[in-house]
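Thanks, everyone. I will put the sequence and the structure up now, and then go through the contacts one by one.

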Number of protein chains: 2
Amino acid sequence: MLKPIQNRTRATRARLIETAQGIIAAKGYGALRVEEVVQTAGVAKGTFFAHFAGKDGLMELMIGAQIDAFLDEAETWPAPQTIDDLITQIMPLIQFMTSERYVFDVILRHSGAAAREEIGPIAQTFTRQVDVVSRWLSDSPFRKDISGYLLAEGIQAFSVQAMALHFCAVNNSETMEDRLRIYLDAWLNPRLAS
Amino acid sequence: MLKPIQNRTRATRARLIETAQGIIAAKGYGALRVEEVVQTAGVAKGTFFAHFAGKDGLMELMIGAQIDAFLDEAETWPAPQTIDDLITQIMPLIQFMTSERYVFDVILRHSGAAAREEIGPIAQTFTRQVDVVSRWLSDSPFRKDISGYLLAEGIQAFSVQAMALHFCAVNNSETMEDRLRIYLDAWLNPRLAS
DNA sequence: TTCTAAAATTGACCACGGTCAATTAACTTT
DNA sequence: AAAGTTAATTGACCGTGGTCAATTTTAGAA
C-alpha cells in the first residue's frame with residue numbers, strides 16, 4: 001500500500017531534474033533560476049514546489065548526488081599511508097565543494113543542518129564521508145589514541161575550515177592543499193609534548 | 001579632506017541601527033525585515049541601502065558587534081588551565097552563535113567569507129577570536145609541538161563543527177559541551193601514539 | 001462506459017530584498 | 001543672498017522564491 005506514485009509524476013519530476021542538470025551544466029549552480037527550470041521543462045511554477053522542497057531542496061538533491069558520486073569513487077581507494085595521500089584522495093571532493101561560492105554556502109547550510117526531523121541528502125553525505133575516511137584510517141599509520149571515527153570528524157572539521165578560508169581574500173596566498181597539510185599533520189601526527 | 005560626512009547622515013544611520021536593534025531585541029535576528037526597519041525609522045527603502053550593504057551588511061554589523069562584545073569580556077579572563085575552563089570561557093560566545101539558526105547561518109556565510117576585497121566585520125571577529133585564544137594558550141598546559149595560533153585555529157574549526165552538529169536533529173543526544181570536550185581533548189591533549 | 005475520489009497541475013498572487021533615475025537638502029563660492 | 005555643486009533621500013519598480021484555491025488528469029468502483 002505504498003505505491004500511489006503515478007507515471008506522470010515520475011516523468012514530470014525526471015524532466016525537472018533533467019532540465020535543472022542542463023542549466024547547471026551550462027551556467028553553474030549559482031545561476032539556476034526556478035523560473036527558468038519551470039519554463040524550460042514546460043510546467044507551471046507550482047508543480048516545481050510540489051516536487052521539491054523549494055530551490056534549496058532541489059539543490060540538496062543535485063549537490064548531494066554529486067558528492068555521493070565522489071564518495072563512491074573514494075570508497076574504492078586504498079587506505080592512505082601518508083597525509084599527502086589522504087589529501088590527494090579527498091581533494092576531488094573538496095574541489096567540487098569549493099567550485100562555486102554558492103555551492104559551498106548550500107553545503108554549509110545543510111551540512112549538520114537538517115532543521116526538519118529527517119536528515120537531508122547533504123547531511124547524509126557528511127555522515128558518509130566520516131564513515132569512509134574512518135574506514136581508511138583503521139589501516140593507516142596515524143595516531144591511535146583516539147577512534148578512527150573521531151579522527152575522521154576532525155578531518156572534516158579542518159576541511160571545512162580550510163575551505164572557508166579559501167573564500168577569504170586575506171588568506172589566499174596559501175593554497176588549500178598547503179593549509180590542509182598543516183592542519184592534518186597537526187591533527188593526525190601530533191608530536192609528543194616535550 | 002576625509003570628512004564629508006554630514007550630521008544628517010550620522011543621525012539617519014543611528015536611527016536605522018537603533019530601530020534594527022529594537023526589532024531584534026523584540027523578535028530576534030531572523031524576524032528582522034528591511035521593510036519594517038525602514039518604516040519604523042521613517043525613511044525610504046533606498047536610504048537603507050545607501051547606508052548598509054544590504055540586509056546582510058546590517059546583520060554583519062549587529063552580529064559582529066555582539067561577538068566583539070563577547071571577545072572583549074573573554075580577553076579579560078586568565079589563561080584556562082583545563083579544557084573545561086577553556087570551554088567555560090568560550091561557551092557564552094558559542095551560545096550566542098547558536099542562539100538562532102539564522103544567526104549561525106549569517107556567521108558561517110561571512111566567517112572566512114569576504115567575497116569582496118576588504119575583510120568583513122564577522123570575518124574580523126574570527127581572526128580576533130584566534131588571536132585571543134592563541135594568547136591564552138601561550139600560558140596553558142596544552143600541547144606545545146605546534147604554535148598557539150594553529151592550536152587556536154583548530155579550536156575554532158572544532159567549535160564550528162560542534163555548532164553545526166548542534167543544529168542537526170540526529171546529533172542532539174549529546175550536549176554541545178560534551179561534544180566540544182571530546183574534540184578539544186583530542187586536539188589539545190593528544191596521547192602519544194603507542 | 002460512467003461516475004467519483006484522490007492526485008497532480010496550474011497560474012495568479014504574495015513576500016521580501018534590492019535598484020536607480022529623479023528630487024530634495026546641505027554645503028561652497030562669488 | 002543667489003547660484004552652483006555635491007551629498008543624501010525618495011519611492012516606484014524589479015527579480016526571484018514561494019503559496020494556494022481552483023482546475024484538470026488519473027485510477028479504480030459501480
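Start with Ala44(A): one of its polar backbone atoms is 2.9 Å from a phosphate oxygen of DNA strand C. A polar contact here is a pair of N or O atoms within 3.5 Å; within protein, one must be able to donate a hydrogen and the other to accept it, and residues adjacent in sequence count only if both atoms are side-chain atoms. Before going on, the model is predicted: local features need pLDDT of at least 70, side-chain atom pairs count only at pLDDT 80 or more, and totals for chains, interfaces and linings use all residues. Residues are numbered from 1 along each chain as its sequence is written, chains are lettered from A and ligands numbered from 1 in the order in which they are written, and side-chain values use heavy atoms, with hydrogens and water left out.

Staying with strand C, Thr47(A) has a side-chain N or O atom 2.9 Å from a phosphate oxygen of that strand. From the other chain, Val34(B) places a backbone N or O atom 3.1 Å from a phosphate oxygen of DNA strand C.

Which residues come nearest to DNA strand C? Of the 21 around the strand, they are Thr12(A), Gly46(A), Thr47(A), His51(A) and Lys55(B). A residue is near a strand if one of its heavy atoms lies within 4 Å of it. Of the strand C atoms that come within 4 Å of the protein, 67% belong to sugar and phosphate.

In terms of elements, α1 (7-27) and α3 of chain A and α3 and α4 (54-76) of chain B each supply at least two residues of the surface near DNA strand C. The largest share, four residues, comes from α3(A). Helices (H or I, at least four residues) and strands (E, at least two) are DSSP runs, numbered from the N terminus. By class, the surface near strand C has six nonpolar, nine polar and six charged residues. In this scheme Ala, Val, Leu, Ile, Met, Phe, Trp, Tyr, Cys and Pro count as nonpolar, Asp, Glu, Lys and Arg as charged, and the others, Gly among them, as polar.

Now DNA strand D. Of the 21 residues around strand D, Lys55(A), Thr12(B), Gly46(B), Thr47(B) and His51(B) come nearest. Sugar or phosphate makes up 68% of the strand D atoms within 4 Å of the protein, and bases make up the rest.

Three phosphate contacts on this strand follow. Arg33(A) has a polar side-chain atom 2.9 Å from a phosphate oxygen of DNA strand D. Val34(A) reaches a phosphate oxygen of strand D with a backbone N or O atom, at 3.0 Å. For Ala44(B), a backbone N or O atom lies 2.9 Å from a phosphate oxygen of strand D.

The elements giving two or more residues to the surface near strand D are α3 (45-51) and α4 (54-75) of chain A and α1 (7-27) and α3 (45-51) of chain B. α3(B) gives the most, with four residues. The classes there are six nonpolar, nine polar and six charged.

Next, a contact between the protein chains. How do helix α8 (residues 148-166) of chain A and helix α9 (residues 176-188) of chain B cross? Their axes come within 11 Å and cross at roughly 90 degrees. The axes are lines fitted to C-alpha atoms, for helices over the stretch in contact, and angles run from 0 to 180 degrees between N-to-C directions. The two helices are therefore roughly perpendicular to each other, a label given to angles of 65 to 115 degrees, with under 35 counted as roughly parallel, over 145 as roughly antiparallel and the rest as oblique. From α8(A) the contact (heavy atoms within 4.5 Å) uses Leu150(A), Glu153(A) and Phe158(A), and from α9(B) it uses Ile182(B), Tyr183(B), Ala186(B) and Trp187(B). That contact has six nonpolar residues, one charged and no polar.

Two positions inside chain B come next. Glu60(B) is in helix α4 of chain B and is buried, at 10% relative accessible area. Buried means under 20% relative accessible area, exposed over 50%, and partly exposed in between (1.4 Å probe, protein chains only). Not counting residues up to four places away in sequence, Glu60(B) touches Ala65(B), His110(B), Gly120(B), Pro121(B) and Ile122(B).

Val103(B), in helix α6 (residues 101-111) of chain B, is buried with a relative accessible area of 0%. Neighbours within four places aside, Val103(B) is in contact with Tyr29(B), Ile63(B), Phe96(B) and Met97(B).

Last, chain A as a whole: nine helices and zero strands, with 49% of its 194 residues counted as buried.
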